[in-house]
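This report describes selected helix packing and burial in one protein model. The sequence and structure are shown first.

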Amino acid sequence: MSKHLPLAMALALLAPLGHAQSAPAPQVTRATLANGLKVVIVEDKLAPVVTTQVNYLAGGNEVPAGFPGTAHAVEHMMFRGSPGLNKDQISALAANMGGHFNAETREDSTRYYFTVPKGDLDVALRIHAIRMAGVDMKASEWQNERGAIEQEVSRDLSSPVFKALTGIRQSLFAATPYQHTPLGTRESFDKTTAADLKHFHDTWYVPNNAVLVIAGDVDPTQTLAEVKKRFGPIPSHALPAKPGFVFAPVKARHIALDTDTPYGYQIRAFRLPGLQDKDYATALVLSDALGSQRAALYGMGMDGTALAGGFSADFLPHGGIGYAIGIFPKGGNSQNIDAHMGDILAKAASKGIDPALVSAAKQSAIASLEFAKNSVDGLANSWSDALVQQGLQSPQDIARAIAAVTPAEVNALAKRTFKADQTVTATLTPQSSGKPVASKGFGGAESFNSAPDSAVTLPKWAQERFATLHIPKSNLHPVDFTLANGLRVIVQPETVSDTVVVSGAIRTNEDLQAKSGQEGVADVLDSLFNFGTQRLGRLQYQQALDAISARASAGSSFGLALPAAHFAEGMKLLAENELSPALPEQAFAIVQRQEAGSVAGALQSPDFLSSQQLGEALYPKHDPSLRHATPKSVMGLHYSDVKDYYASTFRPDMTTLVIVGNVTPEQAKAVVSKYFGAWQAKGAKPKVDYPAVPLNKASQFTTPDSAAVQDSVQLVQNVPVTEDNPARFALNLGNEVLGGGFYASRFVKDLREKNGLVYTVASGFDLDKNRGSYNVQYGSDPDKALEARALVIKDLKTMQRAPVSEGELRQAKGILLRQIPLGEASFGSIAGQLLSLSMQGKPLDATEAAAKAYYQLSAKDVQAAYAKYLHPDDFVTAIKGPAPKA
């Protein structure tokens, strides 16, 4: 489960989306039941998929004094059982529906959601209704879940960025409910009882304090009738008064922390209006304008002042936070960057913001409404956010407010906001990590006595639904063609919105294609694409994108998103950036210094040291994957080296371009041929696949991380399986038994549910042309890391000794089979799937072929595959953080 936290700063800041073309509005059905439940049903035919979201208007704000994580804990316990539906049944049902479910606790609300095949809508609604009617909140269940939620707290407290943002929040929202995040603290959870949590649920989780949003391929009339049947009998009751908000003036404060990242953060934070304030639209436009790639803050990363820069905002219903961000290299001068950001913001406050940036920001905010239609869950999110977070009637309401914003209003807000005596600053300074330390072994008692839990008996109303499995039909019917120059183009027309999404990739591999001593050349090249084209400079190029409401990126992976009406213009600009990049020599000197500074910090960071040590334990001494950039290799590059690398690696016959959206195959072929058809490759195709490697030997090591209070653990081993090996189907199916379906998987049952050792555990196979690996990852307190590892080993050996149960097998198959429609429920997932299949050289119907393979597998097939290919005692165990305790 996830939670809502302040927006984490990142290096990449999205360009404005621009103005969207009008599209037919989806059919919307509204109702308010007699018990007060508000219902909104939005029809969307992108895929045979439905998203359901129950939003309770209670979150971190409504918690009792001294118990900041109460709402978050209730969110967790909602998955631990209700009268008439125990936790095992909830887990099994969610897994059988494909496992796409979760919840998030926000400051003012808590959201529970399922994304399921349309035939499972009634099951999702039943689960929502049963949990609204009541929860068990058994003390024994809370005792186990408390261990897991405390691991979540430890994970976030291991993030210096999280700690800095928490300090910023405390300063901006002192003495209000927003001064703490909904996460909670270990101390408060230790004194929280199951009775406390049940009281919170029974007080706030009532129909007259909830909004139900349903989006997807539904019949609105039938769906509303089902909602009334399931939710109508749940009684309403009076609600307590909600906490008020009285904001005191912000006092200047500086927060200084060390960070384990390879670069440092300089942050200036300000309090902004909230989602429900009259000035919210103005604040949104202000944030987008300052965050534009044409604005001065972003320009810090382009002129060498910083590694990167920008502005972003996190908006809550009653208040917002604006962040100006500068990224600096290890050893860099954060004070200079802070002063530069201060000058930029002071100028915005005194002289105003460029009206052209304000106009582009307005277009960006309005256009995002159209792009929300490109995914089923995105559409549901936009409606839930509008109704619950913003207090509006529809997502379109905010569009009118944004359209009415004037430059004068934006400038007035900037003048009120950017005051030195009301600025909270934070400096996160990168610190070196200790070298990895080898260990003789972690020990830990391994028990082989416990067998998997008995099969779960589903409620009668669900048994028939999941009694048999069916191979779903894909809704995708892409048109696939290759230009004369070898460029492969895949087109999937979709008409749910007037937009087009383009995803492209070139098969390159610096480790195999860069000359010796030129490590880092690929990253330098990719950064240079940001400087525009040979015809249009950086700012002119971005201005051209803004003019047609497009966002684009170029490089070895490239893409475009824009209104369908401007498809041809956008493709012209994308092709120009990809095929005729400016690659200016003066920018090369800037990027080279930035990359060298970033690499210098990375080489001492815990993440890099742990990753490099892991690679050395898995692969032969001179394996190409162990190559990495150094400050020396980056600073040793010549401008000609970068241009030569571009000329030799960017080839049409190694490239796939996928187009999804409101465009015909004929239009796409004509446009792509016009702008990409003249691109030519020289010489034979290069080899870009890593060679095969032998199996690894068992080893263990710990990488110190002074910023972490929790251990991040990876168990990895090489497996003699590749992406084309038929055994991959049985291994993937078994992995769903081990790590899929949330509470329903063996790893989660053992590591989280029964013992509270971890918050999450993930596992999976990484297979390519010539090599493969198996990886298990989790985070836990140092005194729990070894016990968790022992349970992973135990579960793997159990898989090898005995077939999985028929119930587990059917559930795992159900997850994988339902991923076909669920994987087609957004433009992004469609493009990603088609691009991935192309890059692997597989047919575009390979997903359906895989479904047939999964359907036919037996429990003995899974057992045999795990017995043959997995070696539980031969993991490389990599721990990053405090030394584990036996």
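In this predicted model, Ser 549 adopts a positive phi of about 60 degrees just after helix H19. Helix H19 itself spans residues 538-547, and its buried residues are Arg 538, Tyr 541, Gln 542, Leu 545 and Asp 546. Viewed down the axis of H19, these buried residues fall within an arc of 140 degrees, so they line one face of the helix. The elements covering them include helix H10 (296-299), helix H12 (355-371), strand S19 (551-553) and helix H20 (567-579).

Helix H12 also packs against helix H9, and a second helix pair, H18 with H24, is listed beside it.

| Helix pair | Axis separation | Angle between axes |
|---|---|---|
| H9 (residues 280-290) and H12 | 8 Å | about 115 degrees |
| H18 (residues 521-528) and H24 (residues 639-649) | within 10 Å | roughly 85 degrees |

Angles of 65 to 115 degrees count as roughly perpendicular. H9 and H12 are therefore roughly perpendicular to each other, and their crossing is right-handed. H9 contributes Leu 284, Val 285, Asp 288 and Ala 289 to the contact, while H12 contributes Leu 357, Val 358, Ala 361, Lys 362, Ser 364 and Ala 365. By class, this contact of H9 with H12 has seven nonpolar, one polar and two charged residues.

H18 and H24 are likewise roughly perpendicular to each other. On the H18 side the contact is made by Val 521, Ala 522, Val 524, Leu 525 and Leu 528, and on the H24 side by Asp 641, Val 642, Tyr 645 and Tyr 646. The contact of H18 with H24 has eight nonpolar, no polar and one charged residues.

How values were computed. Residues are numbered from 1 along each chain as its sequence is written. This is a predicted model: local features need pLDDT of at least 70, side-chain atom pairs count only at pLDDT 80 or more; totals for chains, interfaces and linings use all residues. Side-chain values use heavy atoms; hydrogens and water are left out. Axes are lines fitted to C-alpha atoms, for helices over the stretch in contact, and angles run from 0 to 180 degrees between N-to-C directions. Helices (H or I, at least four residues) and strands (E, at least two) are DSSP runs, numbered from the N terminus. Angles under 35 degrees count as roughly parallel, over 145 as roughly antiparallel, 65 to 115 as roughly perpendicular and the rest as oblique. Contact means heavy atoms within 4.5 Å. Ala, Val, Leu, Ile, Met, Phe, Trp, Tyr, Cys and Pro count as nonpolar, Asp, Glu, Lys and Arg as charged, and the others, Gly among them, as polar. Buried means under 20% relative accessible area, exposed over 50%, partly exposed in between (1.4 Å probe, protein chains only). The arc is that of the directions from the helix axis to the C-beta atoms. A crossing is left-handed if the near helix is turned anticlockwise from the far one by less than a right angle, and right-handed if clockwise.
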